[in-house]
Amino acid sequence: MLSIVVLISGSGSNLKALLEATENPLFGAKIVAVGSDNPADGLAHAERFGVPTFVVTPGAFNSRDEWAEVLLANIKHFNPDLVVLAGFMRILPPNFVRALSPNLINTHPSLLPAFPGAHAVRDALEARVSTTGVTIHVVDEGVDTGPHIAQAEVQVQTDDNEHDLHERIKSVERELLVSTVKAIAAKTITL
Ligand code: GRF
């Protein structure tokens, strides 16, 4: 059974999809803890499933490196096989990435390498592309630059705003994340 720590920053709908997937024994993975950089709403999903949570806020530290060290120590306490960034909106320093690589994956709401960074959906709308989507990738030391594991397309509608498009991307993203983690647990995807 693949053990996973999930990191979130927001509403945690991707986390919720993963938690629900773990209810099926055929999923092959369990979530052993959920961490966040803030008291995020999404932590409630973990609490509902009886999964331990931790919050490590950058503001409590003198530097990003110190913050990331404590975040890493919290993760290591649970000794996971895989760490999933599911809407975790912080850039992680190289030492953190190296400590977990390649067992550190991220989900991003665009077809990378198009539209990396924190405003992928807005950037896709501004660029007037007709197709965007979601990418799940191994995290490397860059921002959204690591090797891709899975991608899925989403069509942009002419009347889309950022919220509506992001919601449509997220419904595809949740399915892709669940199927990708299942494939990692089954070793049909090797990181
Ligand atoms: C997802 O689209 C993720 O890719 C992006 O932020 C969103 C998080 O959504 N970075 P949620 O918190 O899982 O609902």
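**Fold and salt bridges of the predicted model**

At 13% relative accessibility, D160 counts as buried, because the value falls under the 20% limit for that class. In this predicted model, the side chain of D160 meets that of R168 in a salt bridge, with an N to O distance of 2.8 Å. R168, in contrast to the buried D160, is partly exposed, its relative accessible area being 27%.

The count of salt bridges comes to six. Among them is the pair of E141 and R98, whose closest N and O atoms lie 3.0 Å apart. E141 is located in the loop between β6 (131-138) and β7 (148-155), and R98 in helix α4 (residues 94-100), so the pair ties together parts that are 43 residues apart in sequence. E141 is partly exposed, with a relative accessible area of 43%, whereas R98 is exposed at 51%.

A further salt bridge joins R122 and E162, with 3.3 Å between the closest N and O atoms. This pair also links distant parts of the chain, since R122 belongs to helix α5 (residues 120-126) and E162 to helix α6 (residues 162-185), 40 residues apart. R122 is partly exposed, at 35% relative accessibility, and E162 is partly exposed, at 32%. Over the protein chain, there are 14 positive and 22 negative charges, and the mean positions of the two sets are 4 Å apart.

The protein chain contains six helices and seven strands, arranged along the sequence in the pattern β-α-β-α-β-α-β-α-β-α-β-β-α. Its radius of gyration is 16 Å, close to the 16 Å given by the globule rule for 191 residues, so the chain is as compact as a globular protein of that length. The C-alpha trace spans about 45 × 45 × 30 Å along its principal axes. The accessible surface amounts to about 9300 Å², and carbon and sulfur atoms contribute 50% of this area. Buried residues constitute 46% of the 191 residues. Of the contacts with a separation of 6 or more, 62% are between residues 24 or more positions apart.

One buried position is V5, in strand β1 (residues 2-8), with a relative accessible area of 0%. Leaving aside residues up to four places away in sequence, V5 touches V32, A33, F54, I75, F78, P80, L82, V83 and V84. The C-alpha atom of V5 is separated by 5.6 Å from that of V34, a residue 29 positions away along the chain.

Technical notes
Residues are numbered from 1 along each chain as its sequence is written. This is a predicted model: local features need pLDDT of at least 70, side-chain atom pairs count only at pLDDT 80 or more; totals for chains, interfaces and linings use all residues. Side-chain values use heavy atoms; hydrogens and water are left out. Helices (H or I, at least four residues) and strands (E, at least two) are DSSP runs, numbered from the N terminus. Buried means under 20% relative accessible area, exposed over 50%, partly exposed in between (1.4 Å probe, protein chains only). Contact means heavy atoms within 4.5 Å. The radius of gyration is taken over C-alpha atoms; the globule rule is 2.2 Å times the number of residues to the power 0.38. Accessible areas come from the Shrake-Rupley method with a 1.4 Å probe; for residues, only the protein chains shown count as cover. Lys and Arg count as positive and Asp and Glu as negative; His and the chain ends are not counted. The place of a charge is taken as NZ of Lys, CZ of Arg, CG of Asp or CD of Glu. A salt bridge is a side-chain nitrogen of Lys or Arg within 4 Å of a carboxyl oxygen of Asp or Glu.
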